[in-house]
Amino acid sequence: MIKTIPIKALKIGMYVTAVTKQHGKISVKSKGWIKSQALLDQLIKKGIDEVEIDTDKTLNQNQPEVVNETPKEQFETLPYKTVPVNQELKRANKLYKQAKSLQSKILRDISVGHEIELEPAQELTSQLIDSIFRNQDALSCISRIRDKDAYLMEHSLNVSILISMFAKHLKMPRAIIETLALGAFLHDIGKILVPDEILHKPGKLTEAEFEIMKSHVTKGVTALKAVEGISAEVINIVIQHHEKLDGKGYPHGLAGEQIDQAGRMISIVDIYDAMTAERVYKKGMSPSAALKIMLGMTPNSLDSSLLQQFIKCVGIHPVGSLVKLTSGKLAIVTESNPDNPLCPIVKVFYHTKYQRHSEIKDIDLAKPNCGENIEKSVKPEEFNIDLHRFFREVLMS
């Protein structure tokens, strides 16, 4: 029988199926028995408040305690409690707003020469990761509903979300995901020190302007090196986010094995988000169009195998994207389908043939008799659709 209990009621021999409440940053991934007092003490120390147990799997109380067990290895085998996407959306939306506010503060601090406070960024990116483990579709959806006037803030935040999803997909340890998320959250802070006329120039930059633009990496690294407690791994992510495998990136022209996995990952995520973002002076591409271009950048610039994994992670039609169905109806992708990426769950709300809103309903495209397929990805402005309004009034209601 499944039962939820406070951490203080957890005993040696109990079988934990999920962590349901916590205030720490513990990594939790799969099920396991509590076999030692050392493990139990670690769970309490690391901030777990409540767990779900299976009482039918409790070990014999007479069984001797395992005293040589490594607590870290054991508590990292406990799973996050997954929740439905509609249950996570409001919490994720609140987190997203908090993250934008923090990003804005960080940029203001740098612009006036103040030192960045690291702890708030660490805590917030950890909370974003928690949300991704509960249900990544919620933040994925929110990150697609963009404000074209807030590109600099939202880009770094979205890259942090995407790289966390990517690392989770690759089954990386929680500690590494946290480093990646923090590095991504801070990767473009140097851009606040680039002149606005260059940073927001609509047309192509001149060679001299591009040199100034490239300086955002070293400016960001300089600012981060002054931050107490910042790790070399986080700084390295910032250093490498514009490096390319063929050595034609910047600032150091690193090539091949000189670029580590984190650098290869953030390069992919950074390019993808930049291509798909709506900006005041530039329209964003559809995810499928961006991924097609990125595939052409392999193997010279981007890591082929990592890009293939990234595509599997986000899908051809990512959560939050707008699609046109074969019936002519428009729908927003609300839930991914890892087993069949071309058949996600969508929310239908508009008919292009009649140019009017239709009955809002959910359709699981993986079901054989649903009668619908995705024809193509589309952009909201093609049909004068206000996705922000739809998100507020429908998805968040």
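The following paragraphs consider one leucine and then the aromatic rings of this structure, which is a predicted model.

The residue L186 belongs to helix α6, which spans residues 174–186. Its relative accessibility is 0%, so L186 counts as buried, the limit for that term being under 20% relative accessible area. Leaving aside residues up to four places away in sequence, L186 is in contact with I106, L224, I230, V234 and V238. R144 offers another point of reference: 42 residues separate R144 and L186 along the chain, and their C-alpha atoms lie 20 Å apart.

Attention now turns to the aromatic residues. A pair of aromatic rings is described by two quantities, the distance of the centres and the angle of the planes. Across the whole structure, a search finds five aromatic pairs. One of them joins Y15 and W33: the ring centres are 4.6 Å apart and the planes stand at 70°, so this pair is edge-to-face, a term that applies to planes over 60 degrees apart. Because Y15 lies in strand β2 (residues 15–22) and W33 in strand β3 (residues 32–33), the pair ties together parts that are 18 residues apart in sequence. How accessible is each partner, Y15 and W33? Y15, at 10% relative accessibility, counts as buried, whereas W33 is partly exposed, with a relative accessible area of 31%.

Elsewhere, F166, Y272 and F310 form one aromatic cluster.

Rings may also be considered together with charged residues. K168 lies over the face of F133, at 5.9 Å from the ring centre. For Y354, the charged end of R356 sits over the ring, 5.0 Å from its centre.

Notes: Residues are numbered from 1 along each chain as its sequence is written. This is a predicted model: local features need pLDDT of at least 70, side-chain atom pairs count only at pLDDT 80 or more; totals for chains, interfaces and linings use all residues. Side-chain values use heavy atoms; hydrogens and water are left out. Helices (H or I, at least four residues) and strands (E, at least two) are DSSP runs, numbered from the N terminus. Buried means under 20% relative accessible area, exposed over 50%, partly exposed in between (1.4 Å probe, protein chains only). Contact means heavy atoms within 4.5 Å. Rings of Phe, Tyr and Trp (its six-membered ring) pair if their centres lie within 6.5 Å; planes under 30 degrees apart count as stacked, over 60 as edge-to-face and the rest as tilted. A charge sits over a ring if NZ of Lys or CZ of Arg is within 6 Å of the ring centre and within 35 degrees of the ring normal.
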